[in-house]
Amino acid sequence: MPLIHLDLAFWKPGWVEPSEAEWREKQRRVLAGDAWIADGNYTETLDLRLERADTVVVLTTPWWRCAGRAFLRGFRMPGQLPEGCEYSAWQRLRDEWRLIPAIWRDRRANEGELSIIAQHGQHATRHVLKSKRAIREFLGGFDTGHRPAGPPSCGCR
């Protein structure tokens, strides 16, 4: 399945944010295919993805693990940048470092996302993965070309 990195689709050249209407229309275009995996957390447009999703995976790992991964991610340049955007290693490290207080502050924000998912994604199978072990088990359930069988590991539907 094609992997859609929402951060790559979001930004306009020069790191300019699109208007909400532009962003919603662009998502409709990039999600038009029959099958895809979308990576990102744009809560404002989560409803668009949920309309077409048959499976939703939410990672609710501890805030400190998320913050540590953000910090380490700052040392690695991304393999791909949005079209027309430049990003030095120093800018990347600075931006990832600045995420750490936001991750702490928003450590309970998943509750809002889960509420949106419950409202707009009732038709989709939901998986809420809370640990590295749960993620490994979930990914281990895939055969080539097949979805994991059985109910979500979190027990929610």
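Strand β3, which spans residues 55-59, shows two contrasting faces in this predicted model. V56 and V58 lie on the covered face of β3, while T55, V57 and L59 make up the uncovered one. A neighbour for this strand is found further along the chain: β3 pairs with strand β4, residues 125-129, in the parallel sense, and five bridges join the two. Within this pairing, V57 of β3 has H127 of β4 as its bridge partner. V57 thus appears twice in the picture, as a member of the uncovered face and as the bridge partner of H127.

A step back to the whole chain helps to place these strands. The chain holds four strands together with seven helices. Read from the N terminus, the elements follow the order β-α-α-β-α-β-α-α-α-β-α. Of the contacts in the chain with a separation of 6 or more, 65% are accounted for by residues 24 or more positions apart. The chain has 157 residues, and 29% of them are buried. The chain exposes about 10,600 Å², of which carbon and sulfur atoms supply 54%.

Aromatic side chains add another layer to the description. The count of aromatic pairs comes to eight. One of them joins F10 and W11, whose rings meet edge-to-face, with 4.9 Å from centre to centre and 90° between the planes. The two partners differ in their cover. F10 has a relative accessible area of 9% and is therefore buried, as this value falls under the 20% cut-off. W11, at 22%, is partly exposed because its value lies between the 20% and 50% limits.

A further pair brings together F71 and W97. Their ring centres are 5.3 Å apart and their planes stand at 65°, so this pair is edge-to-face: the angle is over 60 degrees. The pair links distant parts of the chain, since F71 belongs to helix α4 (residues 63-73) and W97 to helix α5 (residues 89-105), with their positions 26 residues apart in the numbering. F71 counts as partly exposed, with a relative accessibility of 28%. W97 reaches 52% and so counts as exposed, the cut-off being over 50%.

Ring pairs also build a group that goes beyond two partners. F10, W11, W15, W23, Y42 and Y87 are linked by ring pairs into a cluster. Buried F10 and partly exposed W11 are both among the members of this cluster.

Key:
Residues are numbered from 1 along each chain as its sequence is written. This is a predicted model: local features need pLDDT of at least 70, side-chain atom pairs count only at pLDDT 80 or more; totals for chains, interfaces and linings use all residues. Side-chain values use heavy atoms; hydrogens and water are left out. Buried means under 20% relative accessible area, exposed over 50%, partly exposed in between (1.4 Å probe, protein chains only). Two strands pair if DSSP finds at least two bridges between them. Rings of Phe, Tyr and Trp (its six-membered ring) pair if their centres lie within 6.5 Å; planes under 30 degrees apart count as stacked, over 60 as edge-to-face and the rest as tilted. Contact means heavy atoms within 4.5 Å. Accessible areas come from the Shrake-Rupley method with a 1.4 Å probe; for residues, only the protein chains shown count as cover.
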